[in-house]
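Q: Please take one part of this model and examine it closely, step by step. I should like to see how charged side chains are placed, and what surrounds them in the chain.

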Amino acid sequence: MSDIVYIKNLEIDAIIGIHDFERESRQLVSIDLDMATDICEAAKLDDIKLAVDYSSVSDRLTHFIQGSEFFLIEAMAEKVAEIIFHEYDVTWLRLRIGKAGAVSNANDVGVIIERSNPL
């Protein structure tokens with residue numbers, strides 16, 4: 001059995017991109033994150049300490065991304081997945097990171113990855 005804890009459209013200012021102008025000012029990235037976990041014990045005991053706390057995940061990712069610099073969204077996505085698996089009780093994730101305005105005739109571009117916890 002797998003339950004999903006999710007975060008949709010988490011917006012974070014980031015240094016991301018390969019062009020000089022992208023390295024000079026922050027850009028907004030948006031994140032959708034689905035995390036597979038077992039919520040039964042947390043639900044049964046009504047205890048946040050037994051749950052994947054989406055507020056904690058959001059804060060962790062915001063601090064990490066704001067304090068980092070990436071050339072590629074792909075690199076950012078892999079590092080975010082690594083953090084989730086090492087710090088939270090998650091067995092699988094689907095992560096979308098989008099960068100609005102990166103292509104003039106598209107609303108949004110980015111990557112979607114799915115990963116299983118290697119542990």
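A: The answer begins with the chain as a whole, then turns to the charged pairs, and finally to the helices and the surface.

The model is predicted. The protein chain contains 4 helices and 5 strands, and their order along the sequence is β-α-β-α-α-β-α-β-β. The C-alpha trace spans about 50 × 25 × 25 Å along its principal axes. Of the 119 residues, 42% are buried. Among contacts with a separation of 6 or more, 60% are between residues 24 or more positions apart.

The part chosen for the close look is the group of charged side chains around aspartate 34. Side chains of opposite charge can pair when their charged atoms come close. In this chain the count of salt bridges comes to 10. One of them is formed by lysine 8 and aspartate 34, with a nitrogen-to-oxygen distance of 3.0 Å. Lysine 8 belongs to strand E1 and aspartate 34 to strand E2, so this pair ties together parts that are 26 residues apart in sequence.

The two partners are not covered to an equal degree: lysine 8 has a relative accessible area of 46% and is therefore partly exposed, while aspartate 34 has 11% and is therefore buried. The reasoning rests on a cut-off, since buried means under 20% relative accessible area and exposed means over 50%.

Aspartate 34 also forms a salt bridge with arginine 94, and here the closest N and O atoms are 3.1 Å apart. Arginine 94 lies in strand E4, which covers residues 92-100, whereas aspartate 34 lies in strand E2, so the pair ties together parts that are 60 residues apart in sequence. Arginine 94 is partly exposed, because its relative accessible area is 34%.

A further pair in strand E4 involves arginine 96, which forms a salt bridge with aspartate 108 at 3.2 Å between the closest N and O atoms. Aspartate 108 lies in strand E5 (residues 108-116), so this pair ties together parts that are 12 residues apart in sequence. At 18% relative accessibility arginine 96 counts as buried, and at 35% aspartate 108 counts as partly exposed. Through shared partners, salt bridges join Lys8, Asp34, Arg94 and Glu114 into one network.

Strand E1 holds another residue worth attention, asparagine 9. Its phi is near 55 degrees, a positive value in a residue other than glycine. Asparagine 9 is partly exposed, because its relative accessible area is 43%.

The strands that carry these charged pairs also help to cover two helices. Helix H3 consists of 13 residues (54-66); at 1.5 Å a residue it should span 18 Å, and its end C-alpha atoms are indeed 18 Å apart. At the N-terminal end of H3, aspartate 53 acts as a cap, with a side-chain oxygen 2.9 Å from the backbone nitrogen of serine 55. In H3, Val57, Ser58, Leu61, Thr62, Phe64 and Ile65 are buried. Their cover includes strands E1, E2 and E3 together with helix H4.

Helix H4 has 15 residues, for which a span of 21 Å is expected, and the distance between its end C-alpha atoms is 21 Å, which agrees. The buried residues of H4 are Ile73, Met76, Ala77, Val80, Ala81, Ile83, Ile84 and Phe85. An α-helix has 3.6 residues a turn, so residues three or four places apart point the same way. The cover over the buried residues of H4 includes E1, E2, H3, E3, E4 and E5.

The surface completes the picture. Ile18, Phe71 and Leu72 make a nonpolar surface patch of about 320 Å². Phenylalanine 71 sits in the loop between E3 and H4, and with 53% relative accessibility it counts as exposed. The accessible surface of the chain comes to about 7,200 Å², of which 51% belongs to carbon and sulfur atoms.

Conventions:
Residues are numbered from 1 along each chain as its sequence is written. This is a predicted model: local features need pLDDT of at least 70, side-chain atom pairs count only at pLDDT 80 or more; totals for chains, interfaces and linings use all residues. Side-chain values use heavy atoms; hydrogens and water are left out. Helices (H or I, at least four residues) and strands (E, at least two) are DSSP runs, numbered from the N terminus. The expected span of a helix is 1.5 Å times one less than its number of residues. Buried means under 20% relative accessible area, exposed over 50%, partly exposed in between (1.4 Å probe, protein chains only). Contact means heavy atoms within 4.5 Å. A polar contact is a pair of N or O atoms within 3.5 Å; within protein, one must be able to donate a hydrogen and the other to accept it, and residues adjacent in sequence count only if both atoms are side-chain atoms. Patches are made of residues with over 30% relative accessible area and no salt bridge: like charges are joined within 9 Å, nonpolar side chains (Val, Leu, Ile, Met, Phe, Trp, Tyr) within 5 Å. Accessible areas come from the Shrake-Rupley method with a 1.4 Å probe; for residues, only the protein chains shown count as cover. A salt bridge is a side-chain nitrogen of Lys or Arg within 4 Å of a carboxyl oxygen of Asp or Glu.
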